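Student: I should like to take a close look at one part of this protein, with the rest of the chain described as its setting. Please give a connected account.

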Amino acid sequence: MAELRVDNLRKEYDRGSVVAVDDLSLTVADGEFVTVVGPSGCGKTTTLRMLAGLEEPTDGSIAIGGEDVTNVHAKNRDVAMVFQNYALYPHKTVFENMEFGLRMSTNMGKGERERRVVEAAEMMDIEELLEDKPDQLSGGQKQRVALGRAIVREPDVFLFDEPLSNLDAKLRTTMRAEIQRLQDELGITAVYVTHDQEEAMTMGDRMVILEGGVLQQVGSPTEVYANPVNRFVAGFVGSPSMNFVEVDVSTPGEGLRLTGPRGEFTFDLSPSYVTGSARHLRADRYTLGVRPENVSVLDGPGPNAITGTVEVIEPVGSDNYLHLDVADDFIARVDSDVSPEPGETVAIAFEESSVHLFDPETGVDVFNAEIDAPSASAV
């Protein structure tokens, strides 16, 4: 395996009128598993195709193991790619599909090719399928064949392009665990593209979040969840999504006071919590962010309590999602034994440590101002 380094990568279409990826810099360490996540059209698949050599960058560079491969043809890059649609040859057996890349791109002898295919098939638990054709296989078996075909190459870098999106929920969970097992066993240097933020959080050593072709944040799943650098990341990572409420900010004393859009509530932040950068906020409107799981329902009014009317209750097993009229799409994720009736008024609260405050112009979380925005040197 090898380190993968991307510097100032850019991809334009239509003579620059469309920028799919803009000034992306990233280093994936040897043996690291990095997930790339973002909404449709954010540039994640385009990035992966440039890494694979299937798309030519407009600008920037790509290095694998310290070697510049920016202008190296795809077939000469030591990478293996697993596609969303499996990309198996329907007229070839499983064995022939897994062997084909070795036969076409190496000088490896027949015996060595067979040994690698059998070993990979055993690793993927598909050795009994080697003589079957793809149309005889289930979706999960096809994906195992596609993974096995990549493994036999023993490449420096593995690239995954939403490989589980065609599988049902239960099988996706099984295959996630399978890919993670392979990662641990083989020490894979891997870049895994997905639109599913749950996949990105559970599988990756680090997450890369893209929006509009621009890198938003890089960090471990825990770091990104707890300390989003801006409103986009805060709203994209986590399920249900973070709650957002427009508030006016004032500075009575040394702390901060957040006032609801119609003056219906106030929330005071203590001086000990307010960071140096936040102390100098202008008295203006900002966006309060708090995650649904950090919102609790009180037995009655209390300090910093906010009242709201229950609009809808969604039971989801061990939890209930309470939709409240505090703001658009405001949700409290509470235990299943907390079950007020629709139309009932309840008091809710959250700890100041769970509060995020986003600048209305830049989207930056002012309480995380010490976290640098991604730049050309982002690693």
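What percentage of the 379 residues of the chain count as buried? And, with that as background, please examine helix α4 closely, together with the sheets and loops found elsewhere in the chain.

Tutor: The model is a predicted one, and in it 48% of the 379 residues count as buried. The secondary structure of the chain comprises eight helices and 20 strands. Taken along the principal axes, the box filled by the C-alpha atoms is roughly 75 × 45 × 35 Å. Of the contacts between residues at least 6 apart in sequence, 66% join residues at least 24 apart. The chain exposes about 17400 Å², of which carbon and sulfur atoms supply 46%.

Within this setting, helix α4 runs over residues 139-151. Its length can be checked by a short calculation: at 1.5 Å a residue, its 13 residues should span 18 Å, and the end C-alpha atoms lie 19 Å apart, which agrees. The helix is mostly covered, since 10 of its 13 residues are buried, where buried means under 20% relative accessible area. Gly-140 is one of the buried residues, and Gln-143 and Arg-144 are buried too. Val-145, Ala-146, Leu-147, Gly-148, Arg-149, Ala-150 and Ile-151 are likewise buried. As for what covers them, the buried residues of α4 pack against two strands, β6 (79-82) and β7, and against the helices α2 (94-105), α3 (110-123) and α5.

Two of these partners, β7 (157-161) and α5 (169-186), also frame a loop that contains Glu-162. Glu-162 has a phi near 45 degrees, a positive value in a residue other than glycine. With a relative accessibility of 14%, Glu-162 counts as buried, because the cut-off for that class is under 20%.

A second non-glycine residue with positive phi is Asn-304, at about 60 degrees. Asn-304 is found in the loop between β15 (296-298) and β16 (306-316). With a relative accessible area of 24%, Asn-304 is partly exposed.

The strands on either side of that loop belong to an open sheet of five strands, ordered β15-β19-β16-β17-β18 with antiparallel pairing. At its edges stand β15 and β18 (330-335), each with a single partner strand, so one side of each has no neighbour in the sheet. From one strand to the next the twist averages 55 degrees. Strand β17 (residues 319-324) runs antiparallel to β18 and is joined to it by six bridges. Across this pair, Asp-319 stands opposite Asp-335 in β18.

Another open sheet of five strands has the order β13-β12-β11-β14-β20, again with antiparallel pairing. Here the edge strands are β13 (266-269) and β20 (356-358); each has a single partner strand, so one side of each is left without a neighbour in the sheet. The twist in this sheet averages 40 degrees from one strand to the next. Strand β11 pairs with β12 (residues 256-259) in the antiparallel sense over three bridges, and Val-249 stands opposite Leu-258 in β12.

The loop between α8 (231-236) and β11 (243-250) holds Pro-240. The peptide bond joining Ser-239 and Pro-240 is cis, with omega about -5 degrees.

To return to the part requested, α4 is mostly covered, and its buried residues pack against both helices and strands, including α5 and β7.

Technical notes. Residues numbered from 1 in each chain as written. Predicted model: local features only at pLDDT ≥ 70, side-chain atom pairs only at ≥ 80, totals over all residues. Heavy atoms only, no water. Helix = DSSP H or I, 4+ residues; strand = E, 2+ residues; numbered from the N terminus. Buried < 20%, exposed > 50% of the residue type's maximum accessible area, 1.4 Å probe, protein only. Expected span 1.5 Å × (residues − 1). Contact = heavy atoms within 4.5 Å. Pairing = 2+ DSSP bridges. Axes fitted to C-alpha atoms, helices over the stretch in contact; angles between N-to-C directions. Areas by Shrake-Rupley, 256 points an atom, 1.4 Å probe, with all protein chains shown as cover.
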